[in-house]
Amino acid sequence: ELYNEYIKKNKIILTVNVNKEDIKNKIYFFDNTDNHDNLKEMNKDNTELYIDDEKYEYQKFFELNKEGKYNIKIIFNFFMKDCKYMFFYCENIESIDLSSFNSRNVEYMNQMFYGCSNLKDIKLYSLNTKNVKDMSYMFRYCNNLKSIDLSSFNTEKVENMNFMFSNCKNLESINMSSFDTKNVNDMESMFSYCENIKEINISSFNIKNVKDISSMFRNCRNLQRINLSSFVNDFENKTYNIFDGCDGLINIKLNKKLKEQIIKDNPNYKDNIFNNKNIEVNSDNCFIF
């Protein structure tokens with residue numbers, strides 16, 4: 001039974017009900033390994049174990065507490081660059097506070113919270129993302145998150161956002177007001193299967209380098225409004241299945257070129273999604289459905 005207690009001063013304390021052999025075989029969420037062959041005993045009474053390997057960017061300590069459970073204490077290297085898989089499938093964590101985590105050198109946050117299916121509260125407002133290149137699959141399968149505030153994120157170096165929020169089935173709102181997407185090249189399935197979200201504000205997105213937006217909103221069944229008027233570039237995007245399962249759409253904004261590309265990739269949309277809609281061409285050459 002793994003759950004988050006607190007995160008302070010770059011030390012993460014978690015509690016896990018396991019014995020030493022279980023640690024060797026199963027607890028691998030924080031260092032991207034399948035086993036702990038390098039697990040060492042730190043003292044004679046076997047109350048503390050630790051992992052310390054030069055190839056990892058942090059140290060991990062296992063301390064036996066009075067209830068017979070191990071506390072996992074993680075001390076991050078100041079120059080840590082890789083956070084991928086950090087909380088990968090930590091299914092019983094309900095709350096994460098990263099307000100004291102120094103992440104200014106981190107370049108990879110892909111799959112960081114992947115599979116945290118019981119996560120209900122996450123504090124990311126002080127997370128430094130200015131050097132991050134990859135945010136793909138970052139929150140995938142965070143089924144219990146209802147809102148995510150990423151307004152403090154600096155994404156100017158991010159290249160990959162595919163599947164970033166995919167399968168967040170209870171997600172109702174995402175604040176991406178600070179997002180700079182000029183260097184992103186992949187947004188495939190970015191919001192797919194976000195079944196409870198009604199409106200996604202990505203009107204400021206720059207997709208000049210994005211090659212794939214296929215399935216971007218697939219099975220967003222309750223999505224009602226989407227503004228894609230900023231989705232303009234000089235080449236043809238992949239748009240396959242972009243609105244599949246979006247049965248609740250009542251308002252879409254997009255330019256003529258993107259509309260033609262979507263119909264080219266998804267000819268059935270002409271009869272269901274785009275048919276029998278009121279169409280206006282406004283001053284910025286955007287179609288309003």
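**Exercise 1. Salt bridges**

How many salt bridges does a search of the whole structure find? Characterise three of them by distance, accessibility and location.

*Solution.* The model is a predicted one.

Step 1. The search of the whole structure returns 5 salt bridges. As background, side chains of opposite charge can pair when their charged atoms come close.

Step 2. One of them joins K84 to D82, with 2.5 Å between the closest N and O atoms. The relative accessibility of K84 is 26%, so K84 counts as partly exposed. D82, at 18%, counts as buried, because the limit for that class is under 20%.

Step 3. Another links D121 and K123, whose closest N and O atoms are 2.7 Å apart. D121 is partly exposed at a relative accessible area of 30%, and K123 is partly exposed at 31%.

Step 4. A further salt bridge is formed by the side chains of E107 and K133, with an N to O distance of 3.7 Å. E107 belongs to the loop between β7 (95–97) and β8 (121–123), while K133 belongs to the loop between β8 and β9 (147–149); the pair therefore ties together parts that are 26 residues apart in sequence. With 32% relative accessibility, K133 counts as partly exposed.

**Exercise 2. The cysteines C142 and C168**

Determine whether the sulfur atoms of C142 and C168 are bonded or too far apart for a bond, and state the burial of each residue.

*Solution.*

Step 1. A disulfide is a covalent bond between the sulfur atoms of two cysteines. The cut-off applied to the pair of sulfur atoms is within 2.5 Å.

Step 2. For C142, the closest cysteine sulfur is that of C168, at 5.2 Å, which is too far for a bond. C168 is accordingly in no disulfide.

Step 3. The search of the whole structure is consistent with this, finding 0 disulfides.

Step 4. C142 has 0% relative accessibility and counts as buried; C168 also has 0% and counts as buried.

**Exercise 3. The nonpolar core and helix α2**

Which residues of the largest nonpolar core touch the most other members, and which elements give two or more residues to this core?

*Solution.*

Step 1. The largest nonpolar core has 67 residues, and those touching the most other members are F113, F139, F165, F191, I202, F217 and F243.

Step 2. The elements that give two or more residues are β13 (251–255) and α2 (256–265). The largest share, 3 residues, comes from α2.

Step 3. Within α2, the buried residues are L258, K259, Q261, I262, I263 and D265. At the start of this helix, a side-chain oxygen of N255 comes to within 3.1 Å of the backbone nitrogen of K257.

Step 4. F243 serves as an example of a core residue. Not counting residues up to four places away in sequence, F243 touches F217, I226, L228, L249, I252, I262, Y269 and I273. One of these, I262, is among the buried residues of α2.

**Exercise 4. The surroundings of I226 and S192**

Is I226 buried or exposed, and is S192 buried or exposed? Give the location and the contacts of each residue.

*Solution.*

Step 1. I226 is found in strand β12 (residues 225–227). Its relative accessible area is 2%, and I226 is therefore buried.

Step 2. Leaving aside neighbours within four places in sequence, I226 is in contact with I200, I202, F217, F243, L249, N251, I252 and K253. The C-alpha atoms of I226 and I250 are 8.9 Å apart in space, with their positions 24 residues apart in sequence numbering.

Step 3. S192 lies in the loop between β10 (173–175) and β11 (199–200). With a relative accessible area of 3%, S192 is buried.

Step 4. Apart from residues up to four places away in sequence, S192 touches F165, S166, N167, S215, M216, F217 and R218.

**Exercise 5. Positive phi values**

Where are Y137 and N241 found, and what is the phi of each?

*Solution.*

Step 1. Y137 is found in the loop between β8 and β9. Its phi is near 60 degrees, a positive value in a residue other than glycine.

Step 2. N241 is placed in the loop between β12 and β13. The phi of N241 is likewise positive, near 60 degrees, in a residue other than glycine.

Step 3. N241 counts as partly exposed, at 26% relative accessibility.

Technical notes: Residues are numbered from 1 along each chain as its sequence is written. This is a predicted model: local features need pLDDT of at least 70, side-chain atom pairs count only at pLDDT 80 or more; totals for chains, interfaces and linings use all residues. Side-chain values use heavy atoms; hydrogens and water are left out. Helices (H or I, at least four residues) and strands (E, at least two) are DSSP runs, numbered from the N terminus. Buried means under 20% relative accessible area, exposed over 50%, partly exposed in between (1.4 Å probe, protein chains only). Contact means heavy atoms within 4.5 Å. A nonpolar core is a set of buried Ala, Val, Leu, Ile, Met, Phe, Trp, Tyr and Cys residues joined through side-chain atoms within 4.5 Å. A polar contact is a pair of N or O atoms within 3.5 Å; within protein, one must be able to donate a hydrogen and the other to accept it, and residues adjacent in sequence count only if both atoms are side-chain atoms. A salt bridge is a side-chain nitrogen of Lys or Arg within 4 Å of a carboxyl oxygen of Asp or Glu.
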